[in-house]
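Trainee: Could you take me through one part of this model up close? I'd like a single connected picture rather than a list.

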Amino acid sequence: MPISFDLTPEQRELQGLASKFAREEMAPRAAECDRTGRFPEEVYRKAWELGLMNLNVPVEYGGSGLPLLDQCLITEELASACGGMTTSILANCLALQPINLGGSPEQRERFLKPFCADYRLASFALTEPGGGSDAGALKTRAVREGDSYVLTGQKCFITNAPQASLYTVFATVDPEKKHAGITAFVVPRDTPGVSLGREEDKLGQRASSTATVTFERAKVPRENRLGEEGEGFKLAMATLDSTRTPIGALAVGIARAALDHASRYALQRTSFGVPIAQHQAIATKIGSMVQELEASRLLTWLSAWMVDQGKRATLESSVAKCFASDAAMRICDEAIQIFGGYGYMRDYPVEKLLRDAKLCQIYEGANEIQRLVISREYLRRFS
Amino acid sequence: MEAVVCIKPVPEADSRLRVAASGVTYDPEGVRYTLNSTYDEAALEEALRLKEAGAFEKVRVVSVGPPRAEEGLRYALAMGGDEGLLVETRPDDLLDPGFTAAVLAEAVRSLPHDLVLVGRRAGDDEAGVVGSALGEHLGIPSFAFVTGLTVSGGGSPLKVRRFTEAGEELLSVPPPVVISLLKGAQDPRTPTLPNILKARRKPLLREPWTEVLSRHPGAPVRAPAMRFELPPPRTGAHLVDYQSPAEAAEKLVKLLREEAKVL
Amino acid sequence: MSPTALVVADPRSPVGIRTTLEALGAARALLDRSGGGKVALALLGHGLGDVPEAAKRWGADQVLVLDDPRLAIFRSETYAWGAEGLVKRLAPPVVVLLPGSTMGRELVGRLSARLGGGGTSEALELELEETRGLRVRRPLFGGKASETLSLPFPAVASLRPNAFAPSEASAAAPVEAVELPKAGPAGPGAELLERSPVPVSDTPPLTQAPVVVSGGRGLRGPENWPLLEDLARALGAGLGASRAVVDAGWRPAAEQVGQTGASVSPQLYVAVGISGAIQHLVGMSSSRCIVAINTDPSAPIFKVADYGVVGDALVLLPPLTEAIRRARAGAGP
Ligand SMILES: Cc1cc2nc3c(=O)[nH]c(=O)nc-3n(C[C@H](O)[C@H](O)[C@H](O)COP(=O)(O)OP(=O)(O)OC[C@H]3O[C@@H](n4cnc5c(N)ncnc54)[C@H](O)[C@@H]3O)c2cc1C
Ligand SMILES: Cc1cc2nc3c(=O)[nH]c(=O)nc-3n(C[C@H](O)[C@H](O)[C@H](O)COP(=O)(O)OP(=O)(O)OC[C@H]3O[C@@H](n4cnc5c(N)ncnc54)[C@H](O)[C@@H]3O)c2cc1C
């Protein structure tokens, strides 16, 4: 099929739904939740009711099974209203994706269906205090005891952990084996031995919740193991390969909000007798911001399109996530500059955008790691 | 019983309007359309609630408009409408409300219509003319400024509550009837994502308006727009001069009534 | 060939009568501008009592009375049928002007469809076009734009309330009772089950209010807010405030209009004692009509306002509220 940038009517409708939800439900609460750090459960519940939550869960389990491109369109709209809420909404996709990809039909039935039948949250638990980037070196142990595994260890920075009813946990059955020992488990929150640390107080994305989860001899039945022992690392990477692109879209949404605010302000604010947009220094800023935004969006579309075509998109998804999140930081930074002193004030919306955008450079693989991946993938073509 | 809801896509309230090159309408470039004017959404919500309460077997949605009006109909189907009919105009056809009513009447006539619901008025021309004109063309009663509607189904009379400046009236009206809602059900539902996807598979018929109109007896007159105007840009306040506060008040009220026409 | 104007009266309520007088005033002015012509007033109903006696002094040249049980309650199909009968008796071309009450606005569609001429609602300006019809200017998009239509004869237009000066009292015009034919519109009518008084509406939320009245530091203190609240009540307006008074704790944060408060774009925005800082202006400058009251003639608010009164708000507000009350004796939806 020839390349087309025309969205289908259906895609426009999904975009319209997300944009309406963002405007009516998310935007009015964004500033308040940013200030207080409140987790707006009513927003997430409504998102679930409208089907905006488990976008990647296949239709046969009650999800909407959307192509990744459509997921990205929705994510951009949501993020233009609040990055933090969008992270919490997307967290279910991230947490359920290992079950989607690595679960048996029976496990998918058992674990995915309840999420589509009722409002529930799940968390993806990979990162540990000892290191996030080097996931192969994780320390959480899973020891086989009869028909069960006993998990001991700690996972930190886990999105939605305080509210989640289910965790997908990556632990090692044999630290000696490094990557090859890592195994994925589905752990219900109410498993004895699972406990929560206090909620983190964050720089940005404060409407999402983040906490440490501790496993103290938590016993998980064998039926909760995803795939075989040792397949966990590949499963984690495959999961992140497909959820990285929406992080690019999330960054695009935040950046778009910053650019829109800055554009309106530049036309309205006057100095030296003219709207500041007429000063070339401001106009060229906006010119650069537009370029970066457009490029970011196209990179996420390309990456999503490749995934939807069943093509390998490790390089493209890393490019999209890394470029879009770096661009979002520059765009938000310039937006604050255009707002002058007002931009620095909490009463104005742009400084929040900068704080929210920052996370996109860190989670789901820090951008340094993305660059390593990109160069490795690219250099392979020459070796 | 079966209901028909008429909907019209209109530009969003905060759209930036510019005069089109023709000078008789606005430039559609850059205008975002809401899927339905809020009044139509409320009317559809009312019909859907009545259907859920067992009053209707089916709720159909009809729109006369350019191809993009399909989006509005799909939205209505995603909200819960059963079938859609788009009477298609070309993007540059300008249909005034009276003429639209004649076309709409022929479209509605081809469908079972114990109740025809229209919104209070369109968000763009704000004419509120279509409802009773539709009733006339269909040869059935019509009631406007309706604030409440009870339908028990099975062809029994509808209870219609309407606003008049002399008080509210409760009427008993046998179907079929056209109802213009002053305000419909509050909080029209937002279609869910699965319902948006399902709406793609609901039947949506398209017919060119010329064909639909050919079924109309006689040729309805058209009242074309001659000119579209935007208010001149603000040039600073007209300051009221006065001797006494009472005079200032009188003068200001006169200006607001007669010049600005906002009272 | 001078046209005839027919005004269909709405004598059911004070608003109906006021808008009927406006239609009569508009009809007279329209005909006078194009060399005269006759204005007929139609009274439709059942058991009209002394209404015709009063109505003959409302400024028409002739009063036509249709008193018939089939017209006991207002239904557009019976009223359009009755009015059509009257139009046919008048010398063409005929222009039908309807009051801006709910009755007039509902009747336009049906009557014009029935007469086969042009019809429209919410007329702001009327002009006759020699032989062709009636030219009508009317608002679009809540007054953000307007269009001009050309309605072929017999033309029907309902008028926007308050857009035309009401007619003056006149000498008694002849009253003629007209019989309706026995055969009427087909189909059973409606039955009136009950009538209840008009419900009082509460004040609308700020962002949806058609009128917003906002106060700033110029009001001197929270103790003066009743003056503003009176004005808001008279206008059916929502209450707004500048950030300075919210910060001072005079008013709740929910009332703040501006960059860090609510954005509003009502038909009418009245800024009282507000200087017009840019952060305030971005929240309200898209209002259709802006009125400012401020002691300082160089206050920036006057640059964006349409009308301004330079003076002390505390002195100006009470008479303004009074004048508005008088101008708006009862209003429709
Ligand atoms: C708000 C928030 C929510 C999160 N949600 C989740 C979640 O739901 N689930 C989950 O599992 N994790 C989550 N994380 C964790 C996140 O994915 C990690 O923080 C991230 O992977 C980085 O790991 P780290 O913090 O341990 O940093 P480290 O790995 O210690 O890295 C520190 C710095 O060194 C750089 N660095 C590390 N290795 C290299 C290298 N080889 N070459 C060059 N530079 C390098 C990194 O890029 C970074 O700049 C979340 C984090 C945050 C802040
Ligand atoms: C980050 C930031 C965000 C802001 N956001 C907003 C916002 O969202 N909304 C907002 O409104 N402001 C906002 N502001 C504040 C804004 O800059 C102004 O300070 C504020 O709008 C001034 O309020 P005011 O007009 O009531 O007071 P003033 O500026 O003090 O004006 C009072 C006016 O009343 C007049 N006056 C005095 N006595 C009388 C009298 N007796 N009768 C009539 N007039 C009289 C005076 O001439 C003067 O013009 C913001 C400021 C900042 C820095």
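Mentor: Let's go straight to the salt bridges: across the interface of chain A and chain C, the rule finds one. Keep in mind that this is a predicted model, so every distance here is computed from predicted coordinates. The partners are Asp347(A) and Arg243(C), whose side chains meet at 2.6 Å, N to O. That sits well with the 4 Å cut-off for a salt bridge. As for polar contacts, two residue pairs across the interface of chain A and chain C qualify, both at pLDDT 80 or more. On the side of chain A that touches chain C, the residues split into three nonpolar, one polar and two charged.

Now zoom out to the whole patch. Chain A puts six residues into the contact, and chain C also puts in six residues. Together the two chains bury about 530 Å², with carbon and sulfur atoms giving 48% of that area. Within chain A, the residues losing the most area to chain C are Gln268(A), Asp347(A) and Tyr348(A), which together make up 75% of what that side buries. So Asp347(A) turns up twice: in the salt bridge with Arg243(C), and among the residues of chain A that lose the most area to chain C.

How far to trust it? Chain C averages a pLDDT of 89, and 94% of its residues score at least 70. For the model as a whole, the scores are ipTM 0.89 and pTM 0.81.

How values were computed
Residues numbered from 1 in each chain as written. Chains lettered and ligands numbered in written order. Heavy atoms only, no water. Contact = heavy atoms within 4.5 Å. Buried area = accessible area lost by both parts, 1.4 Å probe. Polar contact = N/O pair within 3.5 Å; in protein donor to acceptor, adjacent residues only side chain to side chain. Nonpolar A, V, L, I, M, F, W, Y, C, P; charged D, E, K, R; others polar. pLDDT = per-residue confidence, 0-100.
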